[in-house]
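The following questions ask how terms for a protein and its ligand are justified. Please consider each answer beside the model.

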Amino acid sequence: MHTSTFGHAPVCKHPAWKDHWENLYAEKAPTGVNWHQSHPQHSLSLIGDTGIGTAASIIDVGGGASTLVDHLLQAGYRDITVLDIARTAIQRCQLRLGDLSQQINWVESDITDYSPGRTFDIWHDRAVFHFLTLDRDREFYLEALHNALKPGGQVIIATFSDIGPSQCNGLDVMRYTPGALGRVLGPRLRLVETLTEEHRTPAGGLQQFVYCRFRHN
Ligand SMILES: C[S@@+](CC[C@H](N)C(=O)[O-])C[C@H]1O[C@@H](n2cnc3c(N)ncnc32)[C@H](O)[C@@H]1O
């Protein structure tokens, strides 16, 4: 396991990925990165649709400096974990939250190398899974997901849609329809809801995302 809640530097399975994301967060303000949303409407709506209560546990995989955590705290969720490969992203988010950041479990880890040591009711990922372009890395991700998800737990993954960009932030990405994503995730996860988003980047471009909610069988 190469996970850190800080204190020592974790050994990263993909140091080039870590450098890439650390540099992006070091270069730009959290509101200037092209995936920034001030109100993560679709994520909040799908989390609401799971029907879980505020005592349920949620992990935001590749949460970065996303404001999802702010909204979840405001909504009263009490067991929130934010995982990201980039320590700089986590620090940006902690700075924004101030004292509230102490209520969050922070994990600095590559998701393809994450051994959770606990389980969650909800696994949320916006714009991370689509960066995994190799079967091997998707298998590691799914291993972490299945180790981390409670039986009957739910998974929300947002990726670029089949008409979304084929590259983002200098990296190749996979594009998915809900059906294709379901096939990659495998039969243990049943698709129950999808939403489409036209994301407007800070530079004014449009990127189409597809959000899918799955229930563990
Ligand atoms: C496009 S950003 C999306 C951030 C956030 N989910 C949002 O919607 O605002 C991708 C995030 O995933 C993180 N990331 C990329 N690869 C990762 C990996 N293998 N493991 C964990 N985090 C990763 C990046 O540092 C970055 O914060």
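Helices, of at least four residues, and strands, of at least two, are DSSP runs numbered from the N terminus. In this predicted model, the protein chain has six helices and nine strands.

Q: Why does the radius of gyration of the protein chain agree with that of a compact globule?
A: A compact globule of 217 residues would have a radius of gyration near 17 Å, and the protein chain has 16 Å, so the two agree. The C-alpha atoms fill a box of roughly 40 × 40 × 35 Å along the principal axes.

Q: What makes the pair between the ligand and the side chain of Asp 84 a polar contact?
A: The cut-off for a pair of N or O atoms is 3.5 Å. An oxygen atom of the ligand is 2.6 Å from an N or O atom in the side chain of Asp 84, so this pair is a polar contact.

Q: Which polar contact does a nitrogen atom of the ligand make with the side chain of Asp 110?
A: A nitrogen atom of the ligand is 2.9 Å from an N or O atom in that side chain, which is within 3.5 Å. Taken alone, the ligand exposes 590 Å², of which the protein buries 97%.

Q: What makes up the shell around the ligand?
A: The shell divides into 10 nonpolar, five polar and three charged residues. Helix 1 (15-27) and strand 2 (79-84) each supply at least two residues, and helix 1 gives the most, with three.

Methods:
Residues are numbered from 1 along each chain as its sequence is written. This is a predicted model: local features need pLDDT of at least 70, side-chain atom pairs count only at pLDDT 80 or more; totals for chains, interfaces and linings use all residues. Side-chain values use heavy atoms; hydrogens and water are left out. A polar contact is a pair of N or O atoms within 3.5 Å; within protein, one must be able to donate a hydrogen and the other to accept it, and residues adjacent in sequence count only if both atoms are side-chain atoms. Accessible areas come from the Shrake-Rupley method with a 1.4 Å probe; for residues, only the protein chains shown count as cover. Ala, Val, Leu, Ile, Met, Phe, Trp, Tyr, Cys and Pro count as nonpolar, Asp, Glu, Lys and Arg as charged, and the others, Gly among them, as polar. The radius of gyration is taken over C-alpha atoms; the globule rule is 2.2 Å times the number of residues to the power 0.38.
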